[in-house]
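Me: I should like to learn how to read some features of a protein model. Where should one begin?

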Amino acid sequence: NEAKVISEMGAKYSGTAPAIVGLLEVENRQVVQDLIKEPALAKYDYGVVHYNSYDYRGIDVAFIYQKRRFTPSNSLKKEVVIFNEEGKREYTIDILVLTGMLDNEKVAFFLNHWPSRRGGEAISLPKRNAAAAVLKQQMDSVRALDPNTKLFAMGDFNDDPVSSSFKN
C-alpha cells in the first residue's frame, strides 16, 4: 500500500512519482529495499540512502530517489547528542544529510525525526533545541561550500513553527 501511495504522490501534476522521498520510522535497510521493489515503484528505479541510528527503538530514517533525476554526491548521518534530566545520554534518530544534483540543480536534503514531547513540552524542549542546532550547523556547512545550493529540511520536528527550536 505504501508503494502505491508513494507512486501516486504528485503524479496528477508531474506525471510521475516523486524524485525524492524521505521516509521516517524505518525498521532497517531491507524494508526500504523491499519497498522500492514493489511493482508500483520498481519502474522508477529508485536508489536508497540509509544508515543505522542508535535510537533505542531501532528505527531510522531513509531516502529513496529516482536515479535518473537525482545523482547523490554525498550522504552522511549526524548524531544528535542529548541527555535526560539525570544527565544520562539518550540516543535518538540521527539527521540524515543528502547532497547532489536534482534535475541539474545543486540540492541538499536534511531528513529529521526530532525527539518527541514525551514527559512534557518544557522538559523535552532542550532535546529538540539540540536537534535544531545540529540541523542548523549542517545547513550552514552546506551553504558555506556553495551558497547557491538549495536546502530542504524535512521530517517530523515534533515542534511548532513558533517554538524556540525553529525561531532560534
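Reply: Let us begin with a term for accessibility: a residue is buried when its relative accessible area is under 20%, exposed when it is over 50%, and partly exposed in between. Please note that this model is predicted. With a relative accessible area of 40%, Asp 103 is therefore partly exposed. Across the protein chain, 41% of the 168 residues count as buried.

Me: Where does Asp 103 lie, and what is its phi?

Reply: As a general idea, most residues other than glycine have a negative phi. Asp 103, which is not a glycine, has a positive phi of about 50 degrees. Asp 103 is found in the loop that runs between strand E7 (95–102) and strand E8 (105–113).

Me: Is Asn 158 buried or partly exposed, and in which loop does it lie?

Reply: Asn 158 counts as partly exposed, at 25% relative accessibility. The loop that holds Asn 158 is between strand E9 (150–156) and helix H6 (164–167). The phi of Asn 158 is also positive, near 50 degrees.

Me: How should one read the largest pocket, and what is its volume?

Reply: Rolling a probe the size of a water molecule over the atoms shows where empty space is left. Here the largest pocket has a volume of about 260 Å³. It is lined by 16 residues, of which Tyr 56, Arg 57, Thr 92, Pro 115 and Arg 118 are the closest to its centre. The lining comprises seven charged, five nonpolar and four polar residues.

Technical notes:
Residues numbered from 1 in each chain as written. Predicted model: local features only at pLDDT ≥ 70, side-chain atom pairs only at ≥ 80, totals over all residues. Heavy atoms only, no water. 1 Å grid on protein atoms, 1.4 Å probe; cavity = no way out; pocket = protein on both sides within 12 Å on 5 of 7 lines; lining within 4 Å. Points joined across faces, edges and corners; volume = space filled by probe spheres on them. Nonpolar A, V, L, I, M, F, W, Y, C, P; charged D, E, K, R; others polar. Helix = DSSP H or I, 4+ residues; strand = E, 2+ residues; numbered from the N terminus. Buried < 20%, exposed > 50% of the residue type's maximum accessible area, 1.4 Å probe, protein only.
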